[in-house]
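Got your viewer open and the selection box ready? Let's take a short walk through this one, stop by stop.

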Amino acid sequence: MHQKKLEEYRLTKLDEMTIAEMQKELAEGHITSEELILMYLENISLRDSNTSAVLELNPDALQIAQALDFERKLKGPRSALHGIPILVKDTMDTADKMHTSAGSLALKDHYALKDANVVKKLREAGAIILGKTNMTEWANFMSDKLTNGYSSRGGQTKNPYGAFDVGGSSSGSAAAVASNLAAAALGTETSGSIVDPAAQNNLVGIKPTMGLIGRTGIIPISHTQDVPGPLARTVEDAVAVFASLIAVDPDDPITLQAEPFEKYNWSIHFKKDGLQGVKLGVARGLFEDSISKEQLALFEDALEKMKACGAEIIDNVDLGADQEDLGFAVLLHEFKADLNAYLGKSNPLNPIRSLEDVIAYNNKHPKEMLPFGQNLLEQANMTTGKLNEREYIEALERNRFLAAEQGIADTLKQVGADALVLPQAFGCNINAAAGFPAVAVPYRISETGEPFGIMFTAQAFSDPQLIEYAYAFEQATKGRTKP
């Protein structure tokens with residue numbers, strides 16, 4: 001395509017284009033993957049100064065696109081993601097010319113030797129890794145004073161909708177997709193870091209059931225709670241990425257549970273009447289004391305929309321637990337053990353081999369590294385890293401009982417609800433501690449200009465049903481608005 005025509009295409013067609021629409025354009029020869037990359041690079045160069053969402057670009061992206069264009073002509077597309085540009089969070093190893101740093105200058109020179117499992121799956125599907133996204137440093141486990149979206153390596157990620165919170169640690173992935181800097185992105189969640197940035201950036205976010213997607217090669221916080229997932233502008237786009245990641249990961253034992261979903265037909269859940277006859281519980285105790293009046297009004301309005309779609313609302317559901325009951329000690333203890341294992345096995349040229357090394361590096365460079373302190377890193381380092389402390393075991397047992405068994409699974413059964421529905425990402429700590437899925441979907445932009453979303457959550461492996469509810473709600477409300 002001529003440069004002038006390409007610029008016209010970028011300005012008039014590219015924004016908000018779905019992955020399915022891109023595939024149609026590619027199949028019909030209207031554009032190439034190489035041109036897609038060029039257009040997104042142009043968007044990044046013009047728009048990212050407003051968001052600081054993209055940390056680093058893949059220098060091989062254009063040549064990979066050319067190769068995939070050639071492959072398409074020769075053999076046809078590999079999958080729904082063939083030749084599609086995707087951004088990944090800076091916790092995800094890429095065995096290429098990009099660094100993997102968790103947003104920290106301590107790891108600014110670290111090159112991973114192998115692709116993370118999720119990166120490998122994307123490449124196998126024919127997706128193009130366009131670059132790495134900025135994030136909250138160490139996935140928001142550095143300091144309890146750290147601002148969402150800030151990292152020493154990338155600075156402050158900003159919400160493209162205005163001076164609002166950009167959301168939990170996958171903030172760059174969310175801000176980038178909201179700004180149309182890529183087709184979709186990957187984030188990770190330990191406690192709200194997919195669903196919260198999705199809600200804050202008017203996006204769809206899928207936080208899968210623990211065990212559907214392998215975590216090997218992702219800089220960790222907690223093997224009990226960490227899970228990767230997609231951020232996208234539509235439910236169908238998010239599912240296209242999600243489906244490509246589901247597989248047994250031989251190095252992540254819990255993913256044996258992924259096998260029944262590896263060849264699953266997710267499209268059967270794209271039903272406009274997917275909320276008809278569905279019973280949704282509302283656990284007001286999780287948000288009534290901290291939600292703004294405007295957000296509460298928007299939530300009540302969203303509930304009415306769900307009723308109009310045929311859903312039954314079961315109000316004032318009591319989960320018998322709140323987020324304060326959950327054991328933070330699980331994350332504190334697992335972080336040291338898991339991070340030391342990751343760093344100890346990292347590229348031998350990486351001088352940072354342990355949590356202690358990270359803390360020492362930060363102390364040597366306080367001006368760049370410690371504007372918010374590092375009290376969480378220091379607290380985690382005070383644990384033994386052996387995961388045998390009584391405090392840890394008690395917290396682990398309490399989380400599994402309060403969040404999973406008693407909190408969500410039993411409550412849904414007792415009240416006869418299919419799922420819980422919540423405003424924004426309220427209650428995300430509970431489904432995170434349980435390892436249960438959640439899907440965030442856009443609803444409205446508030447009068448102040450801040451995005452407002454809805455989150456559906458339920459028991460383990462209810463991912464297909466949650467996607468069906470989210471899709472039906474999305475189709476009925478069309479809540480996505482570009483910044």
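Before you click anything: a contact here means heavy atoms within 4.5 Å. This is a predicted model, so to speak of local features takes pLDDT of at least 70, side-chain atom pairs count only at pLDDT 80 or more, and totals for chains, interfaces and linings use all residues. Residues are numbered from 1 along each chain as its sequence is written, and side-chain values use heavy atoms, with hydrogens and water left out.

**Stop one.** Select asparagine 43, which sits in helix α3 (residues 33-47); helices are DSSP runs of H or I, at least four residues, numbered from the N terminus. Asparagine 43 is buried, at 0% relative accessible area (buried means under 20%, with a 1.4 Å probe and protein chains only). Now show what touches asparagine 43, skipping neighbours within four places in sequence: you should get Arg10, Leu14, Asp15, Asp48, Asn180 and Leu181.

**Stop two.** Next, pick helix α5 (residues 117-124) and helix α9 (residues 235-245), whose axes come within 8 Å and cross at roughly 110 degrees. Axes are lines fitted to C-alpha atoms over the stretch in contact, with angles from 0 to 180 degrees between N-to-C directions. That makes α5 roughly perpendicular to α9, the label for 65 to 115 degrees. Show Val118, Lys121 and Leu122 on α5, plus Val241, Ser244 and Leu245 on α9, to see the contact.

**Stop three.** Finish on cysteine 309 and cysteine 428: the former counts as buried at 17% relative accessibility, the latter at 8%. How many disulfides does the structure hold? Zero, where a disulfide is a pair of cysteine sulfur atoms within 2.5 Å.

Conventions: Helix = DSSP H or I, 4+ residues; strand = E, 2+ residues; numbered from the N terminus. Parallel < 35°, antiparallel > 145°, perpendicular 65-115°, else oblique. Buried < 20%, exposed > 50% of the residue type's maximum accessible area, 1.4 Å probe, protein only.
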